[in-house]
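Please look at the structure shown here. The paragraphs below walk through some of its aromatic rings and one of its sheets.

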Amino acid sequence: MISVAVAGCTGYAGGEVLRLLLGHPQVSIGALTAHSNAGSRLGLHHPHLVPLADREVIATTAENLSGHDVVFLALPHGASGEIAAQLGDDVLVIDAGADHRLSSSDDWEAFYHSPHAGTWPYGLPELPGQREVLAETRRVAVPGCYPTTATLAFMPAVAGGLIDGHDITVAAASGSSGAGKSPKPNLLGAELFGSASAYGVGGMHRHTPEMLQNLRVLGATAPSISFTPMLVPMSRGILAIVTAPLNPGIDIARVRATYEQAYADEPFVHLLPEGQWPMSQSVIGSNAVQVQVTVDASVNRLVAVATLDNLTKGTAGGAIQSMNIALGLDETTGLTTVGVAP
């Protein structure tokens, strides 16, 4: 059995990691740690995790996290670097926060306003060549939920030469769990229910440089992206709509064939039949991603739509998928493509 510790276990991301780990046949759950909630029972924070409800949450220290094969860090942005530096090189450390995602320290400091902790291998196995990278590492940076959704929407188009990576627009709607558990007025039920709102408008959202980074990895030489996130009245899920100008001579048949080939063998990314469009409810609780693509002929633009559960494939599920690869397991172990509906 693989011994796993989870730091930040009382938050949404930590709770989702634990929910999935409870269904993993090769995992033994060890230390459960947090900061302000240390000393409490896990069941006070995650009553749905019945098998772990009576476990005590202990303090997040390197000593408490030591002695495990795998450590998940589900900590606030800026908090992972210090604790990760104290863990041994033989431990598989998976950071669900943003601290190690960006390769550019300038981008990190501009968007997160703190010193950069360094760059780790990126936990999006679907990126070309990334499975080989993850198989050889003991450090994984889990992608942001918006970049995961948008990247899986535009990846076949960029890698397949349908678009060149400039003038991309991403409009994406997310549930409120993406903001974490910290109490904020705009996340109160009275403010959220029956309302939709945009935020981080005008290139201000912290996931923008991560999307640009992924475009460069896919071969775009001068990428540009306009990203507008939205908050909608649901607890979890993301739906992203990506558009970009098509290169000359590209028709809908080639677009469709490119996406079919790109995702034919992916266990978690599913291109829907023509005419069927992704719905966030279809993937809730699963590690599945649903994608659809078409062409707006009136403006010669690609239109790709993708949806996933921001807490599962967008965070914890993607983290466990990467863990499986790094440990030499089948990457689907402990994960499902079956959602919960209605």
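Trp108 and Tyr112 both sit in helix H4, which covers residues 105–112. They are four residues apart there, so about one helical turn separates them. Both Trp108 and Tyr112 are buried. This is a predicted model.

How do two rings get described as a pair? The distance of the centres and the angle of the planes describe it. Rings count as a pair if their centres lie within 6.5 Å, and as stacked if their planes are under 30 degrees apart. By this rule there are two aromatic pairs. In one of them, the ring centres of Trp108 and Tyr112 are 4.0 Å apart and the planes meet at 10°, so this pair is stacked.

Tyr146 and Phe227 form an aromatic pair too. Their centres are 5.1 Å apart, and their planes stand at 65°. That makes the pair edge-to-face. Tyr146 belongs to helix H6 (residues 145–159), while Phe227 belongs to strand E9 (residues 225–231). The pair therefore ties together parts that are 81 residues apart in sequence. Tyr146 is buried, and Phe227 is buried as well.

Another ring has a charge for a partner. The charged end of Arg139 sits over the ring of Trp120, 5.7 Å from the ring centre.

Now to the sheet. Strand E9, the home of Phe227, is part of an open sheet of seven strands. The order is E8-E9-E7-E10-E13-E12-E11, and the pairing is mixed. Which strands form the edges? They are E8 (197–198) and E11 (269–271), each of which pairs on one side only.

Strand E7 spans residues 168–174. In the strand order, E7 stands between E9 and E10. E7 and E9 run parallel, joined by seven bridges. Thr169 has Ser226 of E9 as its bridge partner. Val170 stands opposite Phe227 in E9, the residue whose ring pairs with Tyr146.

E7 also pairs with strand E10 (residues 238–245). Here six bridges join the two strands, and they run antiparallel. Ser174 stands opposite Ile238 in E10.

Is E7 mostly covered or mostly open? It is mostly covered, with five of its seven residues buried. Helix H8 (residues 208–217) packs on the sheet. H8 touches both E7 and E9. The direction of H8 makes about 135° with that of E9.

Methods: Residues numbered from 1 in each chain as written. Predicted model: local features only at pLDDT ≥ 70, side-chain atom pairs only at ≥ 80, totals over all residues. Heavy atoms only, no water. Phe/Tyr/Trp six-rings, centres within 6.5 Å; stacked < 30°, edge-to-face > 60°. Buried < 20%, exposed > 50% of the residue type's maximum accessible area, 1.4 Å probe, protein only. Lys NZ or Arg CZ within 6 Å of the ring centre and 35° of its normal. Pairing = 2+ DSSP bridges. Contact = heavy atoms within 4.5 Å. Axes fitted to C-alpha atoms, helices over the stretch in contact; angles between N-to-C directions.
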